[in-house]
Structure formats: C-alpha cells, structure tokens
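This briefing sets out selected features of one protein chain for use at the bench. Its topics are the pocket, the charged pairs, one serine and the cysteines.

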Amino acid sequence: MMNLVITMSRMFGTGTSMIARQLSKKLGIPVYDKAYIENELHDNSFSDESELIRELAGHSCIIVGRCASEILKNQPNAFHVYICADKEDRIQRIMKKESLSHEEAKALLEQNDRERSDYYFAHTGKVWGDVNNYQMILDTSTLGAENCADIMIKYFKRVEII
C-alpha cells in the first residue's frame, strides 16, 4: 500500500470514531484524533498541532478532525472525507452514547457544531463542511455508519490506492 493519509472531518454524532476504528483495522494503519494530538503536545497552539499533523502524515494514517484536511490540502497522498448525517439521527446517536435526554443531546450537538465551525473558521478562514474541501462526502443517515469504512475501502481498491 502506498503512503495513504485519510483525513476525516465530521459533524458531531455521526459515528465517525467507529468508522475510523473500522478503517484502521481493515487497513492496518493508526488513527490520530483530538485526544491523541492534545496528549502529544504540551502547548496546544494551532501551529504546534499543524506541525504534528504534518509529521504524522509522513506515514499512512487516519487523522480525525483538527482541520487536518486544510493543513494537508496540498499533500498529494492525502484523501479528505467529510462525514455528515441528519440532525435527528445524530441526536438519537448522542442520546444513546451519552445517556442523555433528547433536549440535552440536541443542546450538546448544537454547541459542538458551533464550536467546530468556529474553530475551523478561526484557523482556516474557510467554512466548515464546505463540500469543495473534500474528495468524498459520506452521509451516515443514508449509508449507515457501519458501511462507510467498506465504501472507502472499495473506492481505494478501485482506484488502486490500496
């Protein structure tokens, strides 16, 4: 397999961490997320995060969030995916995962979306979730989160990336 870096940007409550884990297992490459990146750095400045992300992208891996699609936009071996889902499906998934009421889950989702959107704009000057920033958009409401890793694998095989 060539050096493949997959960046996954996502709406909150879409099942992306599960998709990343499945993809990681099937491809045998590590997943790096916010917790990993923050844990590696003492000073969580955006420039330090960007530097670490560029370093991680020296090897095949999956990077979830952290504006990685923008940081690695000029890297030819980087493949950028955006994961979305219907709001109600996302609320249901959050209710189940976090044991919250509908109202609490909805509030958490809206707060999270706002924070992600603000973070992305603050660091990239771009609109979070703009389809032009990604090569693949996966809607887990339509496709099922459990199928998304396989959809990506099929595509990578088809274009002979793997």
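In the counts of pocket residues below, Ala, Val, Leu, Ile, Met, Phe, Trp, Tyr, Cys and Pro are taken as nonpolar, Asp, Glu, Lys and Arg as charged, and the others, Gly among them, as polar. The model is predicted. It holds eight salt bridges and zero disulfides, and its largest pocket encloses about 850 Å³ of space.

**Largest pocket**

- The largest pocket has a volume of about 850 Å³. It is lined by 31 residues, of which Arg10, Phe12, Val64, Asn112 and Arg116 are the closest to its centre.
- By residue class, the lining comprises 13 nonpolar, eight polar and 10 charged residues.
- At least two lining residues come from each of β1 (5–10), α1 (16–27), α5 (87–98) and α6 (102–124).
- Helix α6 makes the greatest contribution to this lining, with six residues.

**Salt bridge between Glu49 and Arg66**

- Among the eight salt bridges of the structure is the one in which the side chains of Glu49 and Arg66 meet, with an N to O distance of 3.1 Å.
- Because Glu49 belongs to helix α3 (residues 46–56) and Arg66 to the loop between β3 (61–64) and α4 (68–71), this pair ties together parts that are 17 residues apart in sequence.
- Glu49 and Arg66 are both buried.

**Salt bridges of Glu110**

- Glu110 forms a salt bridge with Lys87, and their closest N and O atoms are 2.6 Å apart. This pair links distant parts of the chain, since Glu110 is in helix α6 and Lys87 in helix α5, 23 residues apart.
- Glu110 is partly exposed, its relative accessible area being 28%. Lys87 is likewise classed as partly exposed, with a value of 38%.
- Lys106 also forms a salt bridge with Glu110, here with the closest N and O atoms 3.2 Å apart.
- Both Lys106 and Glu110 lie in helix α6, where four residues, or about one turn of the helix, set them apart.
- Lys106 is partly exposed, at 29% relative accessibility.

**A salt-bridge network**

- Glu38, Glu49 and Arg66 are joined into one network by salt bridges that share partners.

**Surroundings of Ser69**

- Ser69 is located in helix α4. With a relative accessibility of 2%, Ser69 counts as buried.
- Leaving aside residues up to four places away in sequence, Ser69 touches Thr7, Ser9, His80, Tyr120, Asn133 and Tyr134.
- One of these contacts, Asn133, is 64 residues from Ser69 along the chain, yet the C-alpha atoms of the two residues are separated by 7.4 Å.

**Cysteines**

- The structure holds zero disulfides. Cys61 takes part in none, and the nearest cysteine sulfur, belonging to Cys67, is 16 Å away.
- Why does Cys67 form no bond with Cys61? The closest cysteine sulfur to that of Cys67 is the one in Cys61, and at 16 Å it is too far for a bond; a disulfide requires the two sulfur atoms to be within 2.5 Å.
- Cys61 is buried, at 1% relative accessibility. Cys67, at 5%, is buried as well.

How values were computed. Residues are numbered from 1 along each chain as its sequence is written. This is a predicted model: local features need pLDDT of at least 70, side-chain atom pairs count only at pLDDT 80 or more; totals for chains, interfaces and linings use all residues. Side-chain values use heavy atoms; hydrogens and water are left out. On a 1 Å grid over the protein atoms alone, a cavity is a set of points where a 1.4 Å probe fits but cannot get out, and a pocket is an open set with protein on both sides within 12 Å along at least five of seven lines; lining residues have an atom within 4 Å of a point. Grid points are joined across faces, edges and corners, and a volume is the space filled by probe spheres set on the points. A salt bridge is a side-chain nitrogen of Lys or Arg within 4 Å of a carboxyl oxygen of Asp or Glu. Buried means under 20% relative accessible area, exposed over 50%, partly exposed in between (1.4 Å probe, protein chains only). Contact means heavy atoms within 4.5 Å.
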